[in-house]
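Student: Could you take me through one part of this protein slowly and carefully? I would like a close look at a single pocket, and then a word on what else is worth reading in the model.

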Amino acid sequence: MAKNRTLQFSQYFIAILFGILIIHSCASIQQPSGGPKDIQPPKVVKEIPKNLNRNFSGNKIEIQFDEFVKLNSEFTEISISPALDKMPSFKAKKSILDIKFEQPLDSNTTYTINFGKAIGDVNENNILKNYTYVFSTGNEIDSLTISGNVISTLTKENLKETTVFVLPVKQDSLFGKKRANIFTTTDSSGNFQFKNLREGKYFLYALKEQNNDRIYNAPLEEIGFVKDTINLKGNITDLKVEVFLEDPEKFRVQDKKIENDGRIVMVFNRPLIQPGLQIINPKELNSTKAFEFSAKKDSALIWLPALAFDSINVALSENGKNIDTQIIYRNKKDTYTRAITATDNVSTGKLRPGKNLELTFTAPVKEFDKSKIKLLQDSVELKNFEVLKDSSSARKLIIKNAWRTERSYELNLSENAVTDIYGNKSKIYNRQFNLDSEDNYGNIAIQVTVPDTSKSYIVQWLNEQDVILKSDQIKSNTTLNYFKFPTAKYHIRVVYDINKNGKWDTGRVKTREQPEVIWNFDKILTLRPNWDLEEKMTIPPPQ
């Protein structure tokens with residue numbers, strides 16, 4: 001009886017064990033979980049010879065990492081200082097990076113290899129940033145340092161991922177033509193540091209790059225620089241570099257075209273001050289043209305009564321001085337459909353309190369027929385509204401009315417209600433809208449105290465997206481009023497307008513001119529619904 005029980009138990013145990021093995025074998029077929037994503041860059045575990053090696057006499061360097069690595073854009077990312085006529089060869093194989101010099105090295109010289117963003121791991125391409133390998137062919141290694149911080153001139157925010165480089169003064173003529181060899185990038189707090197520099201005179205630049213080539217050569221790259229020559233004899237710390245977008249040195253027309261409706265568009269690379277425009281060939285078109293510059297003066301629109309020319313010569317001027325002449329060609333096969341269409345200032349369906357309805361047409365308005373313009377309030381036609389031409393733009397009509405909240409409005413333009421200067425008639429146009437509640441807007445008065453009444457200041461009112469909503473040039477203590485702005489957060493920027501021209505002047509890299517100083521008021525101004533606020537602001541002397 002005991003034997004039978006033992007046998008039964010053994011059989012039962014074997015069956016359970018067999019089941020466990022089957023379950024385990026089935027489970028082993030499943031893909032293992034990937035675990036957390038690798039976000040760490042490769043780490044250097046060994047350098048042969050060691051970093052900061054003296055009396056280097058070989059022609060090879062081996063760097064070992066804790067994982068497989070690869071090289072990215074090594075021809076543009078890796079640099080060596082001082083420069084060599086022939087760059088070393090760099091080869092990544094598994095977890096090892098081999099470097100071989102192709103020419104003899106100078107004696108008693110400290111060399112720095114900067115890898116920039118060239119080294120990444122194989123799996124996720126996590127980048128090992130700003131890794132440098134330093135060695136000397138003599139008894140001493142250059143050990144001087146330069147460190148500091150990079151910020152935006154406009155916002156004063158720390159700028160990360162900004163390239164900072166130093167150039168020996170004797171090489172600065174190459175700036176803008178050849179990549180800098182001594183460079184680094186700022187960290188998340190905008191800080192930078194150069195190590196292992198030799199005594200000498202340097203220029204220092206910070207560049208917010210677009211194409212990562214370490215050359216200041218793109219129109220939208222922001223740049224900053226230390227104005228004075230750095231005479232490096234000891235360690236230098238706490239340099240402050242402010243970067244800015246430089247106004248183009250030379251005026252240029254970026255784009256010019258004839259649109260399908262015959263309107264000519266010209267786009268500039270910078271705003272113009274007191275711009276002018278003439279058609280110099282064919283001369284007879286000059287007296288029949290109509291033109292308008294944009295609000296920022298960085299583009300122009302031209303209308304002509306007929307487009308029968310092969311080409312026209314357009315002369316542009318600034319402050320009464322000719323600055324450019326452009327030839328605009330017309331394809332003889334092109335045809336144009338003349339039309340006059342409208343847009344308005346209630347695209348959101350809400351008219352801002354204190355404002356009137358504005359209609360902007362695609363061509364200058366010659367006349368309008370008010371009998372073909374109807375304004376309805378709660379479906380009832382109004383009779384006492386006004387239609388006026390806007391004195392600031394020949395393309396605008398202003399619809400004036402005693403607007404009321406909690407009312408619905410509808411504007412109807414019948415066909416041919418508006419005629420442009422060349423006789424083209426408008427099409428049917430309808431717009432429904434409401435007057436926005438004043439509860440969604442606020443007012444604020446800023447009492448401004450200036451540090452010097454002989455100077456000029458530009459006070460800019462900006463929204464949270466740093467868009468300038470209003471700009472005032474002042475020269476004395478005054479109160480600035482901002483009426484009926486949407487309830488939101490705003491801030492104020494002040495330009496120390498040194499040349500009193502009413503605009504912020506950027507710096508010039510070639511002449512080493514810094515931009516006009518900017519100060520940001522440290523308070524965020526929050527407009528509350530239907531509130532009248534007061535604030536005091538004392539502008540400090542420029543730093």
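Tutor: Before we turn to the pocket, a word on classes: Ala, Val, Leu, Ile, Met, Phe, Trp, Tyr, Cys and Pro count as nonpolar, Asp, Glu, Lys and Arg count as charged, and the others, Gly among them, count as polar. The model you see is predicted, and the protein averages a pLDDT of 90, with 92% of the residues scoring at least 70.

The part I have chosen is the second largest pocket, which holds about 850 Å³ of space. Of the 40 residues that line this pocket, the closest to its centre are Ser81, Thr112, Asn181, Ile182 and Leu197. Several strands give two or more residues to the lining, namely β7 (110-114), β10 (132-136), β12 (163-168), β13 (182-185), β14 (191-197) and β15 (200-208). Of these, β14 gives the most, with seven residues. Sorted by class, the lining has 15 nonpolar, 16 polar and nine charged residues.

Elsewhere in the chain, strand β23 (residues 299-303) is worth following, because four of its five residues are buried, so that the strand is largely enclosed by the rest of the structure. Strand β23 pairs in the antiparallel sense with β20 (residues 264-268) over four bridges, and in that pairing Ile264 has Ile302 as its bridge partner. Four bridges also join β23 to β22 (residues 290-293), and these two strands run antiparallel, with Glu292 having Leu301 as its bridge partner. Between β22 and β23 there are five residues, which makes the two strands a hairpin, and Lys297 in the turn has a positive phi of about 60 degrees.

Further along, Asn401 is found in the loop between β33 (396-400) and β34 (408-413). Asn401 counts as buried because its relative accessible area is 16%, and buried means under 20%. Leaving aside residues up to four places away in sequence, Asn401 touches Asn356, Leu375, Leu382, Asn384, Phe385 and Tyr409. With the same neighbours in sequence left out, Ala342, found in strand β26 (residues 342-344), touches Thr360, Phe361 and Tyr429.

Finally, some stretches call for caution: pLDDT stays under 50 over residues 1-10, where the model has zero contacts beyond four places in sequence, and the pLDDT of residues 16-32 also stays under 50, again with zero contacts beyond four places in sequence. Where pLDDT is low, the predicted coordinates should not be read in detail.

Note on methods
Residues numbered from 1 in each chain as written. Predicted model: local features only at pLDDT ≥ 70, side-chain atom pairs only at ≥ 80, totals over all residues. Heavy atoms only, no water. Buried < 20%, exposed > 50% of the residue type's maximum accessible area, 1.4 Å probe, protein only. Contact = heavy atoms within 4.5 Å. pLDDT = per-residue confidence, 0-100. Pairing = 2+ DSSP bridges. 1 Å grid on protein atoms, 1.4 Å probe; cavity = no way out; pocket = protein on both sides within 12 Å on 5 of 7 lines; lining within 4 Å. Points joined across faces, edges and corners; volume = space filled by probe spheres on them.
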